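Good morning, colleagues. Please have the sequence and the coordinates open while I take you through this item.

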Amino acid sequence: MAPPKAKNPKRSAQYYRDNPEAREKKKKYDTEYHDTPARRKYRAELSAERRKRGVMGKGGKDMSHTKDGKIVAESPSKNRARNRGKK
């Protein structure tokens with residue numbers, strides 16, 4: 001089941017809501033990008049680490065790659081906020 005629509009969406013969400021052609025184009029790009037061998041390997045590494053630590057499918061912290069290549073547990077809000085555009 002899809003999550004409910006936000007009552008007051010941010011700028012990009014509003015743009016894609018108002019422009020279905022652009023939303024389809026972005027969806028196609030995202031699908032192709034996340035289907036590349038590099039992205040699949042990246043996701044597989046993180047999933048394997050979550051499985052190894054026994055937290056797969058239980059919520060909680062994300063596994064995150066550090067700059068030196070290690071995988072560490074990190075709060076989802078910190079992990080997903082990195083490299084995101086600032087206002």
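K5 is exposed, with a relative accessible area of 67%; since the cut-off for that class is over 50%, the label follows. The residue sits in the segment before α1, the helix that spans 11–18. I should say at once that this is a predicted model. To give a sense of spacing, K5 and Y42 are separated by 37 residues in sequence, and their C-alpha atoms lie 30 Å apart in space.

Let me turn to the chain as a whole. How many helices and strands does the protein chain have? There are four helices and two strands. Read from the N terminus, the order of elements is α-α-α-β-β-α.

As for overall dimensions, the C-alpha atoms occupy a box of roughly 40 × 30 × 30 Å along the principal axes. The radius of gyration of the protein chain is 16 Å, whereas a compact globule of 87 residues would come out near 12 Å. Of the 87 residues, 11% count as buried. Among contacts between residues at least 6 apart in sequence, 5% join residues at least 24 apart.

The surface and the charges come next. The protein chain exposes about 7900 Å², and carbon and sulfur atoms supply 54% of that area. There are 28 positive and 11 negative side chains in the protein chain. The centres of those two sets lie 6 Å apart.

I would now like to examine D62, which is found in strand β1. Is D62 buried or exposed? D62 counts as buried, because its relative accessibility is 11% and the limit for that class is under 20%. Its side chain makes two polar contacts that I wish to point out. One goes to the side chain of R80, at 2.9 Å. Another goes to the side chain of N79, at 3.2 Å. Setting aside neighbours within four places in sequence, D62 is in contact with R50, V72, A73, E74, P76, N79 and R80.

That leads to the partner, N79, in helix α4, which covers residues 76–81. The polar contact just described therefore joins a side chain in strand β1 to one in helix α4, given that a polar contact is a pair of N or O atoms within 3.5 Å and the pair of N79 and D62 stands at 3.2 Å. N79 has a relative accessible area of 18%, so this residue too is classed as buried. The side chain of N79 also makes a polar contact with the side chain of R82, at 3.4 Å. Beyond its neighbours within four places in sequence, N79 is in contact with D62, M63, S64 and E74.

M63 brings me to the last residue, V55. Where is V55 found? V55 is in the loop between α3, residues 37–53, and β1, residues 62–65. At 27% relative accessibility, V55 counts as partly exposed. Not counting residues up to four places away in sequence, V55 touches R50 and M63. R50 appears among the contacts of D62 as well, and M63 among those of N79.

To close, I return to the pair I would ask you to inspect on screen: D62 and N79, whose side chains are joined by a polar contact of 3.2 Å. Thank you for your attention.

Key:
Residues numbered from 1 in each chain as written. Predicted model: local features only at pLDDT ≥ 70, side-chain atom pairs only at ≥ 80, totals over all residues. Heavy atoms only, no water. Buried < 20%, exposed > 50% of the residue type's maximum accessible area, 1.4 Å probe, protein only. Polar contact = N/O pair within 3.5 Å; in protein donor to acceptor, adjacent residues only side chain to side chain. Contact = heavy atoms within 4.5 Å. Rg over C-alpha atoms; globule rule 2.2 N^0.38 Å. Areas by Shrake-Rupley, 256 points an atom, 1.4 Å probe, with all protein chains shown as cover. Lys, Arg positive; Asp, Glu negative; His and termini not counted. Charge placed at Lys NZ, Arg CZ, Asp CG, Glu CD.
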